[in-house]
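Please look over the sequence and the model shown below. The report that follows takes up a few parts of the model in turn, and then the two chains as wholes.

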Amino acid sequence: MNELNILLKKLIRTGTGRVRYAMAMIGLSVALLLILAAVQIQVNYKELLEGKQNKDSVANFLVINKILTDQNIGKAVLKQEEIDDIQAQPFTEAIGVLQTSRFKASIQSSSNVFPFYTDIAFESVPDVFLDVNTKEWNWDENSAYVPIIVPGMFLDIYNFQFSLSQGLPQLTREVVKMIFFNVNVYSADGTTRVFKGKVVGFSDRISSLLIPQSFMNYANTLYGKKSSSSPSRIIIRTKDPGHPDLISYLKQKQLTTDQDKTRFSKYRQIVEMAVSITGVTGLILFLFALLIFSLFIQLTISSCKEEIQLLISLGASPSQLKSFLIRQFFPSNISIVVGSLLMISMLQYGLAKFLERQSAFISALISPVTLGISILILIIIFIQYQRSIQKNIQNNGINN
Amino acid sequence: MILSLHNVVPTPLQDKVLQQGSDVWNCKVSFAAAQWTKIKAPSGTGKTTLIHSLYKLREDYSGRIEWDGKDVQQLPAEQLAQYRQEKISIVFQDLRLFPNLTSFENIELKRVLQKPYCKQEKIFHLAEELGVQHILQQRAGICSYGERQRIAIIRALIHPFSMLVMDEPFSHLDQANTVKAAAVIMRECKERNAGFIITDLDDDHHFPYDQILNL
């Protein structure tokens, strides 16, 4: 077979139009780099959003409520249909209702050494939405105290504003967790029930005073007003708080959430657009490269028409000629794909190292998707070559 | 391999052929394996047309030509190639060598187009027998017609076949070279137990023919 190929090489000269072929090859290289880069950027972006190492506990949970306007003051509640609709959205992974206390309550120091008193309201959420993991987070009627989770920023406000202005001591989280205080719950008929309370953790996710759901249900049943039970706030877990679909949904339904958490939406749209433009440019270049390859094959076969006709007369089979021509043209494409993959791999490695210094983590290796796409591109080129060669051999020599 | 013609009439020669009598045109003729056939024909009676039609180089005829009972016009390209590689060989009247390949390469190409039937040394051996060993490394394009004719004969004999088709293969050879070439062809055909069809203008005694047909 090798001797045959040496002789065929002398007969079927693939040198015609080499410059055009080289240009098509450069075009293909650029196209591949663009396409693979677009795919890899998408994968990286997804990894940044969803990777476990990058999981930002604040960013993935959103507390949502209605935008308070003059029209809905006092009735800015979320109906069951609205909650169901949010739950049905593709960006919602889990949904939980923030249940509000329907009783009056206050907390008060239980010693005179460090006196304080404040009226207060509580909320509760299903435990899965909490970012505080403590064994103390449970309550039943026999419990010695009511565990409470406080927004982390409350303590910051106390430590860095209130205590300084009032001449009070600053408190660490650990100290606060050691302080027992009274939780006064006032029933509708005027009686007061005093529970012991203690802060068991600080949440950076939900800006509300949280109590276990069991205590909320107990106190609401016994002391609460029988008013509307529709919740006004819900919490959702989402893969990507910056997802443009999520933002447009909230806007359309007149809902709002922490703006800070969704600010990435705009950046994301820009990234997506840039990636799309890169990908589409790459695709167009790729199609042009394919077209030039086809023309080049046509040119080569046409310029050797007589030789091919005689070869077929002598008994060369179309499949022999096809495999010879594929061997002439295709290997350079493999080199280009491998070269592009190496280039993307190096860029990926560099990017991973760079992002690591920014505390963002992506894989230092290119993704299997990128690898898969490059193999797919090779297959497409191969099929295109085969079809083009087959067609041109048929047109030029089959009758002999 | 059996070649057979079923009332074949070449379209360009239709009127002429139908007026004149012929042992081949518009008849049922078979060329069996191991059968040596001479087709004698004056100029212009369609010798080359016949050879090209038999070898499936042209299809402008009415009737049917069959290879092993299969209509050649219906043969798929791959199967046609397989026949030309393993069962049927040809010496063209116009030789059809690649002018840019050397004489040796022209023959070698045919040898390696399929699983080689014989070793490369055989090329040198046959070239020596036919007196063309000195031009083996010369480009075929610059060889004389007689030399090229002998190269074309060697090329036709270098691969497996059971039917050899030759179109005036000795037209440019002197008597001595014709005798040598005929001896080589005869030996190679016997070795393969192959048949042949040869066309020529006149009577000859180069081969012990099994049948002689007038075109």
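## A helix enclosed by its surroundings

In this predicted model, seven of the ten residues of α10(A) are buried, so this helix is largely enclosed by the rest of the structure. The buried residues of α10(A) are E307(A), I308(A), L310(A), L311(A), I312(A), S313(A) and L314(A). After α10(A) comes G315(A), which has a positive phi near 120°.

## Helix α3 of chain B and its cover

Helix α10 of chain A also has a part in covering a helix of chain B: the cover over the buried residues of α3(B) includes α10 (305–314) and α11 (318–357) of chain A. Chain B itself contributes β4 (61–67), β5 (70–71), β6 (88–91) and α4 (103–112) to that cover. The residues of α3(B), a helix spanning 77–86, that count as buried are L80(B), A81(B), Y83(B), R84(B) and Q85(B).

## Two buried loop residues in chain A

S208(A) sits in the loop that links β8 (192–203) to α6 (213–223) in chain A. With a relative accessible area of 8%, S208(A) is buried, because the cut-off for that class is under 20%. The side chain of S208(A) makes a polar contact of 2.5 Å with the side chain of E123(A). When neighbours within four places in sequence are set aside, the contacts of S208(A) are with E123(A), I149(A), P151(A) and R233(A).

F103(A) belongs to another loop of chain A, the one between β2 (92–100) and β3 (104–109), and is buried with a relative accessible area of 5%. Its contacts, again without neighbours within four places in sequence, are with F122(A), V185(A), Y186(A), M216(A), A219(A), N220(A), Y223(A) and G224(A). F103(A) and P368(A), by contrast, lie 56 Å apart from C-alpha to C-alpha, with their positions 265 residues apart in sequence.

## The overall form of chain A

Chain A is divided into domain 1, made up of 2–54 + 267–397, and domain 2, which covers 61–238. The centres of these two domains, taken over C-alpha atoms, are separated by 59 Å. The radius of gyration of chain A is 34 Å, whereas a compact globule of 400 residues would have a value near 21 Å. Along the principal axes, the C-alpha atoms of chain A fill a box of roughly 110 × 45 × 40 Å.

Twelve helices and ten strands form the secondary structure of chain A, and 45% of its 400 residues count as buried. Of the contacts in chain A with a separation of 6 or more, 78% are between residues 24 or more positions apart. The accessible surface of chain A is about 21400 Å², and carbon and sulfur atoms account for 59% of that area.

## The overall form of chain B

In chain B the radius of gyration is 17 Å, which agrees with the value near 17 Å that a compact globule with 215 residues would have. The C-alpha atoms of chain B fill a box of roughly 50 × 35 × 30 Å along the principal axes. Chain B contains seven helices and nine strands, and buried residues make up 57% of its 215 residues.

Among the contacts in chain B with a separation of 6 or more, 74% join residues 24 or more positions apart. The accessible surface of chain B comes to about 8700 Å², with 48% belonging to carbon and sulfur atoms.

## A sheet and two loop residues in chain B

Four strands of chain B form an open sheet in the order β2-β1-β4-β5, with antiparallel pairing. Strands β2 (28–31) and β5 of chain B stand at the edges with a single partner strand each, so one side of each has no neighbour in the sheet. Strand β1 of chain B, residues 3–10, is joined to β2(B) by four bridges, and the two run antiparallel; L3(B) stands opposite F31(B) of β2(B).

Two residues of chain B that are not glycine have a positive phi, namely A34(B), with phi near 70°, and R96(B), with phi of about 55°. A34(B) lies in the loop between β2 and β3 (36–40) of chain B and is partly exposed, with a relative accessible area of 33%. R96(B) is found in the loop between β6 and α4 of chain B, where R96(B) is partly exposed with a relative accessible area of 24%.

Key. Residues numbered from 1 in each chain as written. Chains lettered and ligands numbered in written order. Predicted model: local features only at pLDDT ≥ 70, side-chain atom pairs only at ≥ 80, totals over all residues. Heavy atoms only, no water. Buried < 20%, exposed > 50% of the residue type's maximum accessible area, 1.4 Å probe, protein only. Polar contact = N/O pair within 3.5 Å; in protein donor to acceptor, adjacent residues only side chain to side chain. Contact = heavy atoms within 4.5 Å. Domains from an automatic or database assignment. Rg over C-alpha atoms; globule rule 2.2 N^0.38 Å. Areas by Shrake-Rupley, 256 points an atom, 1.4 Å probe, with all protein chains shown as cover. Pairing = 2+ DSSP bridges.
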